[in-house]
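Welcome! Here are a few exercises to work through with the structure open beside you. Try each task before reading its solution.

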Amino acid sequence: MRDTLQASIKTDHSRRNELRIDRHESIASYIRAVVSPLGEGDPIRWVQSLPGVSSGADGTTSFYVRGGNMGNNLITIDGIPVYGYSHLLGLTTVIPSEMVKSASISKGGFEGGMGNFTASHLAIVTKDVTERRARTSFALNNFMAGASLETPIGKRMSLQLSGRISPLTLEYKAIHKMLPDALDMKGFRAGVGDTYLKYVWNVGGGRTLKAFGLYSKDLYSFQLSDDSDESMGWQNIIGALTYSSGHTEWTNFEAQLSINSYSSSQRQVKDYRGTANDLSLVSEMNEAVASARWTSVIGRGKRLSLGYGLKGRYATFRPGQLATVRNESRTILVSGHFQACYEIPEKLSVTAGAMGNWFMKLGQAQPDREGANTFHVVNPDINASFLFKANKSIAFQATFDRVTQYYHTLEGLPTGWSLDMIVPSGAKVAPETATQGSIGLAYDASAHHASIGVFYRHMEHLVYYKYGQTLFHGGLAAWEDDVNQGNGDSCGIESVYAYSKGDWYGKISYTLSKTTRYGFPDILDGAEFHARFDRRHVLSTSIMWKGASIAFTLQGGNWENAAPEKYPMHTFGEYEWTASYFSGVNNYRMPMVLRLDLGYQYRFATKHVHHELNIGIYNVTNHFNPFMLYFDTSTESWRMLALLPILPNFSYRIKF
Amino acid sequence: MAVSLDSMEKRQIAVECVLTNGPMQKLHLCLAKGASDSAHKSISEAEAVLTDLTDGIVIGSFRHEEDGNWTLVYSAIPGHRYRLDINVPGRDPICSEQSMPSIDITAEYYLGMFGDSNLYEYRSSPHIVYRLNTFPEYTWIYALRYDENIGTRVIAEEICTDFPYVDNFNLTGETYSPEIILQDLYGIPQYMTLAPELIGTNLHNKYLRIGKQATIDRNWLILSGNFSGDFPIRFKENKWGLLDNRGRVSILEEKQGCVVFAGVSADYDRYLRESIFYQQLQESSDLSSIYIRDNIFTNIHGGIGIFGAKVEEKMVWSDELEVIYDYVPNE
């Protein structure tokens, strides 16, 4: 029996959003239908098509929400933060897509209990085993091959296992052999893989125990010129135990213990003017978290729900260079939250919450040294959301948030260095805060959905590293003395229109925004400059019909540091030399990103096997969309590299 | 794909003017070169006026010669303060102020008494001692020697001194080790130098820099370096041992060298020091140097560059060993 199951079309409600401007949700089938270089989408590809979100380098999974940095987004899998969530130079995510049940992103009106982020919360929920027999699936796409197993164990337990590995090195060698000059890089090698485990035990009486584990590794090396070797890599090791109980229909409880280890590195070995140079950066963060939260529904009609909980986090940070001693910083964050939500169905929803944070950075081993004393601070977070439905079709929403983050992703890394250097707050580096508000209208009637909103966001205590050169000469050992803290503002208009009827689905989202940085005392004397990923215009459109999809993206270029102006000067004896003048920061606008993607998803089932095939062409027009800048030491000039030219892609999955 | 990283912003106007005690003042004006430009553009249309703020008079306007080089016939007066105003059509006004330093250097020929003068005169070691009689903010010292290959005078690469408070910002990492020419009867090496006590001192790259504060305890020094050539030294007529014109060089022939003492203003000193640092970076093979985005010091309001001031004195120096043999022993 063949059944052409076009779930992405039939369940059109999966693409339709609730009448909200601050939050978007979707389910796995639609997420996978989003066009991607790998042939099937992932939660972050889906997020990048939403209003208020701009992408990082083209093709990658980095995203920026309402002017925040990449590190200001919290990505969780079943409530567990994932810091290095990308695979394959950012082409996909570390969580296998067949394990994803749904995803939601909140840009404002954050719900209580998470905390320690300031821009957005992308919550990925993994699916549980629901079938009564084991299922095995195999998947293959351009860059990844994987297998997974889902099986019940008895009547109360289940197990999910997944593993993926990338044949990228073999593919590169094959392409390089056939077309030696097709690729800008040489000697490419990749070691990419991940494993995922989820064990669920339904204890009984509404109680559940879950064990979760994720390991992912990315390691790449390549040559961009004859006298250079580049390498980069990152790794996640995550483990969690979750206990949940729904005592009654009124109260739920969840407790979780998790450990998380994230490390990333980037290295350049280049011959420069006859001398071998070895530059590297490493970032490492480990954390252990314990949390407990309750949600209760009270009152007649269950209109009032309360949520409250406690969370403790112990984290260590070790930034530095490879093969050097790195100083470790240790922090403790204890948070308690309370949230209340009053809802009149189909009419009104009011949510307000507060979180108290007590943060401590532990002193160094030698307490008598300056700056070695323990530092602690108490900050409140506030979240509020108001949703009023004028009628079935029109809703008005307003949100307000004041949030705090106790670690930073350093801005000011030198051009061409892209890893996230994560460092903690402390006595010399205050926690980042963001205060934001948004208002908007949403319209939803029959086949049409539209929303438009405006937002404003003010950020404080952003961290900028002042001396790019010293990063590579032990400067990170005392990084707190080499940073400036400053502010950022972002404002914009977010809009989206979607049409969904029958086999048709179309969406267009447009964001007009401006994001600046200022107030860094030693950076342009505090004057304003562009945020690196301040893309003025972000347009994303997609059309789907019976499995076929077209997606078009147009984004304004991001900002990089411009080259200096040069002028002749003299010293004694009329000796002439050339001086450089750097007029600003982030003052070179990169080319815009323009991309047209085509895709087709075809599903069918035979007697025992379900098939899903995605084929497509990524970047049909072969537009040069920059991925990174690098310094060519042989010509002593800067060059741009595009990661994704026109790229046919496919993914094939079977499940039985 | 190559990328220029040109910000395409309006090009900065670069100003370079260093007032001197010479007969003519020079000014160079140009537009800085952007990353996508082939060359910087000289400015030939502008109004550049120099004003003596101390006397409250306008000295005059610079006249354009060629290629952005402007001149004004005037000798700046030590101790006076000056203002430079530049108006380039279509651009905001540019201005800067500077004070002219003063310097008074004398050189003395000093005959040291080493060894046994009754027996071995050539063990005596004469010196030229330089004495700073006035103290500008900063004093820069360098040696000019004639380079036969190029056919002009160049700054000697290495110089050293016995002055204890010299700025060590430009050490070469080497020490002064002159050639040994012979040994005396006791086997003690005799060096090709007028100042054997400098042997083993640190060599500086081209310049010696001494701050005003450093001259509180001591205001004299001797110097040497790995340079040689025709360095004329004249004594007062019939006054052997006293240098003519207090050791200042009044006439320097084409192939002759000398030592230059330059008193500079604080702004110009800062510019010079940073110039040397950034020049070293430009020549460096340290890849991380490409990530430095610091701007060199400028005191030009509305532009970039330097409006500086210096007063130079050319002084005698000598490395002629024959001087030793001219010593007249005590009787």
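**Exercise 1.** Which residues does D269(B) touch, not counting residues up to four places away in sequence?

*Solution.* Before starting, note that this is a predicted model, where local features need pLDDT of at least 70, side-chain atom pairs count only at pLDDT 80 or more, and totals for chains, interfaces and linings use all residues. Residues are numbered from 1 along each chain as its sequence is written, chains are lettered from A and ligands numbered from 1 in the order in which they are written, and side-chain values use heavy atoms, with hydrogens and water left out.

- Step 1: Find D269(B) in helix α1 of chain B, residues 266–283. Helices (H or I, at least four residues) and strands (E, at least two) are DSSP runs, numbered from the N terminus.
- Step 2: Look for contacts, meaning heavy atoms within 4.5 Å. Leaving out residues up to four places away in sequence, D269(B) touches Y138(B), W140(B), R209(B) and V264(B).
- Step 3: Look again at R209(B): its side chain and that of D269(B) are joined by a polar contact of 2.7 Å. A polar contact is a pair of N or O atoms within 3.5 Å; within protein, one must be able to donate a hydrogen and the other to accept it, and residues adjacent in sequence count only if both atoms are side-chain atoms.

**Exercise 2.** Why does D269(B) count as buried, and why does N69(B) count as partly exposed?

*Solution.*

- Step 1: Recall the cut-offs: buried is under 20% relative accessible area, exposed is over 50%, and partly exposed lies in between (1.4 Å probe, protein chains only).
- Step 2: D269(B) counts as buried because its relative accessibility is 3%.
- Step 3: N69(B) counts as partly exposed because its relative accessibility is 34%.
- Step 4: Place N69(B) in strand β7 of chain B, residues 69–73. Among the residues that N69(B) touches are L27(B) and H28(B).

**Exercise 3.** How many residues does each of chain B and chain A bring to the contact?

*Solution.*

- Step 1: Chain B brings 54 residues and chain A brings 45 residues.
- Step 2: About 4,500 Å² is buried between the two chains, and carbon and sulfur atoms give 59% of this area. Buried area is the accessible area (1.4 Å probe) that two parts lose on being put together, summed over both.
- Step 3: Pick out L5(B), Y291(B) and R293(B), which supply 18% of the area that chain B buries against chain A, more than any other three residues.
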